[in-house]
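Here are a few notes to help you find your way around this one. Have the structure open while you read.

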Amino acid sequence: MLYTVGLSHINMLSTFILASIEKLINTAIDTSTTSRFDLIVLTNKVLRVSLVKPDIQIDVVFGAEHIRFEPVRSAIFEPKPYDLITLPDCTLHIKTPSELITVFRTHLDDLNWECIKGDEQVFVNAYYLFKNIDILNLTDILNDFQTSSAYKLLDKILKSTT
């Protein structure tokens with residue numbers, strides 16, 4: 001029996017992964033007074049993370065008490081009044097999830113600022129938020145995932161659907 005993974009399965013898997021990471025980050029923020037202060041500074045700001053591989057864009061929406069991940073939607077036809085298109089305050093263009101972690105591990109003075117567009121202060125504040133919650137130890141997990149068969153399958157499916 002041949003089992004094919006459809007786009008709905010990919011969306012479900014992506015949603016589960018993003019929700020898990022969001023919960024992990026929000027839990028880490030709750031345990032740190034410094035991180036809660038960093039989050040307050042970012043309230044109502046949006047940082048868009050644009051990945052090349054896999055080809056996705058995620059908005060990180062900063063609230064007063066938590067962050068939220070939202071997939072980027074763009075209007076193909078004329079926008080309808082109920083379609084909410086969020087414009088980011090800042091956009092971070094990177095190639096892979098592990099490069100995202102590398103960006104946040106790099107000292108600000110050594111950072112390639114060409115990958116950042118928009119309000120750089122939003123990025124700097126987000127940089128310190130993520131730096132303070134010590135979430136950056138996910139590098140090993142992300143590297144393991146990128147070499148796993150699940151990542152290769154997901155990448156193959158994404159390529160076949162575009």
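Leaving aside residues up to four places away in sequence, which residues does proline 88 touch?

1. Start with that contact question. Once residues up to four places away in sequence are set aside, proline 88 touches Val46 and Arg48. Keep in mind that you're looking at a predicted model.

2. Where does proline 88 sit? Look in the loop between strand 3 and strand 4. Another pairing to look at is proline 88 with valine 61: they are 27 residues apart in sequence, and their C-alpha atoms are 8.8 Å apart in space.

3. Is proline 88 buried or exposed? Neither label fits: its relative accessibility is 24%, so it counts as partly exposed. Buried would need a value under 20%, and exposed one over 50%.

4. Now the sheet. It is an open one made of 5 strands, with mixed pairing and the order 3-2-1-4-5. At the edges you'll find strand 3 (67-71) and strand 5 (116-118), each pairing on one side only. On average, neighbouring strands in this sheet are turned by 20° against each other, ignoring direction.

5. Next, follow strand 4, which covers residues 90-94. Its pairing with strand 5 is antiparallel and runs over 3 bridges. If you want a spot to check by eye, threonine 91 stands opposite lysine 117 in strand 5.

6. Last, the helix. Helix 3 (residues 97-105) lies across strand 1 (46-51) and strand 4. Against strand 4, helix 3 runs at about 120°.

Note on methods. Residues are numbered from 1 along each chain as its sequence is written. This is a predicted model: local features need pLDDT of at least 70, side-chain atom pairs count only at pLDDT 80 or more; totals for chains, interfaces and linings use all residues. Side-chain values use heavy atoms; hydrogens and water are left out. Two strands pair if DSSP finds at least two bridges between them. Helices (H or I, at least four residues) and strands (E, at least two) are DSSP runs, numbered from the N terminus. Axes are lines fitted to C-alpha atoms, for helices over the stretch in contact, and angles run from 0 to 180 degrees between N-to-C directions. Contact means heavy atoms within 4.5 Å. Buried means under 20% relative accessible area, exposed over 50%, partly exposed in between (1.4 Å probe, protein chains only).
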